[in-house]
Every structure is written in structure tokens, then in C-alpha cells.
Amino acid sequence: MKLYTAKLAPNPRRVQMFVAEKGIADIEVVLLNLGTGEHRDSPVAGMAPRPALPVLELDDGRRLSESRAICSYLEACFPEPNLMGLDAEERAFIEMADRQAEWSLLAPCMNGVRHSHPGFASVEQPQFGDYGRVQSERLREAAAWFDARLAAQPYVAGARYTVADITLFCALEFARLLKFSAGGEGLVHLQAWRDRIAERPAARP
Ligand SMILES: N[C@@H](CCC(=O)N[C@@H](CS)C(=O)NCC(=O)O)C(=O)O
């Protein structure tokens, strides 16, 4: 298999962290530079309405985009350690938590960065600064919600570490570009959780 990916970007990082947690060694990594638009002129450019990473190329040459779909495929191929749920009930609750992290926090974080950070002017044109600022507020609202959740349970989906922790962690790391840190906002539970996840070898950038 071949993983087309990029440094530091949150969706590529989600899949790379998932791969690292699984200890999957048999994947060739192809790093593309999103800043210079290398992905738009690559073999995987046509994989989505707008070219985006990550993309996993299977051994038979078929290509899979969408981070969550790639993780589901790898979970099925490499079941240990389980990161997406063991039975129907657990799978559904983990998926709910993962999508909450993706849509309520990662999405506004990405849109906030793309529309307000000067370094992303080559990726997002036109940039709408007001929209970017509102997205930063949405990110902060979602972070407060996750802080309350993590005050009551050790991991994003409940009692154990799952793909939802990976998604939330990668989103928060990217949110630094918006000068956001959980601790800086007084979100002590979210910060403590983030620091625990950061200690995992798979969390290294
Ligand atoms: N829904 C996709 C989103 C992928 C995505 O937005 N990737 C970003 C990096 S985080 C990208 O490649 N952006 C390039 C661009 O917009 O030109 C997924 O889950 O993988």
C-alpha cells in the first residue's frame, strides 16, 4: 500500500497517527507539499471534487480518499489494537464521538486557518477574514464542550483511547495556528487530556 500524505496538515496526520498506533509497517509513504500545490498535480489529484490528502493506494492500484474511510479500511485489515469499536454499540458511539470531533472542532479549525492565516493564501482563494474569525469562535465553543466531556471521562469516546482521540488531538495541534491552546483558554481538562495523548509515540509529528 502507498499513503499519499503531507506534513502537519490535520487530516493526513489523523491517518498517519492511526497507522502508527496500529504499528503498520508495510505502507510506502509519499509526502506531497500542500503549500506549493504539489497534490493538485499528483496521481491522486482526481480523487475528490477538490484535490486533497490523505489518499491510500491499495495493492491492486485502487485509491481510497477520506480519512475516516481510510481508517475504517485499515481497522478491518489490521484489527489490533482496536480503535473503532468491537461491537455494533461501541462502534456507533465511537463513530459519534469521532464525527463530533471532526465536524464541531476540526472543520471550524481548518476553515479558520484557511480563511485567516496568511500562510494559507495559496491554498484558499479568496480568503474571507470575517468568516475565518467566526470559525475560530466556533472552534472555541466546541473546545469548551469537549473540556466538559473530558472532565467526566478519560477519553473522547468514553473509557478508552480510540480514533476519536486521534481526530480531536490532530485538530487541536492544528489549532495552534489560530493561537489557540486549551490551557490558554482555561480548559484544564482538555489540556490535561491533550498532554496525555501527546506522550504517545504515535502522536509525534
Ligand atoms: N474530508 C477529507 C478532507 C481532506 C482535506 O481537507 N485535506 C486537506 C489537508 S488537511 C488538503 O489536502 N487540502 C488541500 C487543498 O485544499 O488544496 C478527509 O477526511 O480526508
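Visitor: Where does glutamate 66 lie?
Guide: Glutamate 66 lies in the loop between β4 (63-65) and α2. Helices (H or I, at least four residues) and strands (E, at least two) are DSSP runs, numbered from the N terminus. This is a predicted model: local features need pLDDT of at least 70, side-chain atom pairs count only at pLDDT 80 or more, and totals for chains, interfaces and linings use all residues. Residues are numbered from 1 along each chain as its sequence is written, and side-chain values use heavy atoms, without hydrogens or water.

Visitor: What is phi of glutamate 66, positive or negative?
Guide: Phi is near 80 degrees, so positive, and glutamate 66 is a residue other than glycine.

Visitor: What makes the pair between the ligand and glutamate 66 a polar contact?
Guide: A polar contact is a pair of N or O atoms within 3.5 Å; within protein, one must be able to donate a hydrogen and the other to accept it, and residues adjacent in sequence count only if both atoms are side-chain atoms. A ligand nitrogen is 2.7 Å from an N or O atom in the side chain of glutamate 66, so the pair qualifies.

Visitor: Which ligand atom pairs with the side chain of arginine 114?
Guide: An oxygen atom, 2.8 Å from a side-chain N or O atom of arginine 114. A ligand oxygen also lies 2.8 Å from a polar backbone atom of leucine 53.

Visitor: How much of the ligand does the protein bury?
Guide: 85% of the 510 Å² that the ligand exposes when taken alone. Such areas come from the Shrake-Rupley method with a 1.4 Å probe; for residues, only the protein chains shown count as cover.

Visitor: How many residues surround the ligand?
Guide: 16, each with a heavy atom within 4 Å of the ligand. The closest are His39, Leu53, Glu66, Ser67 and Arg114.

Visitor: Which element gives the most to this shell?
Guide: α1, with three residues. α1 (10-22) and α3 (88-116) each supply at least two.

Visitor: Why is the ligand said to lie between two domains?
Guide: Because domain 1 (2-77) and domain 2 (88-203) both give residues to its shell. Those bounds come from an automatic or database domain assignment.

Visitor: Why is the bond from leucine 53 to proline 54 of interest, and is it cis or trans?
Guide: The peptide bond from leucine 53 to proline 54 is cis, with omega near 10 degrees. Proline 54 lies in the loop between β2 (28-31) and β3 (55-57).

Visitor: What kind of peptide bond joins glutamate 80 and proline 81?
Guide: A cis bond, with omega about -10 degrees. Proline 81 is in the loop between α2 (67-77) and α3.
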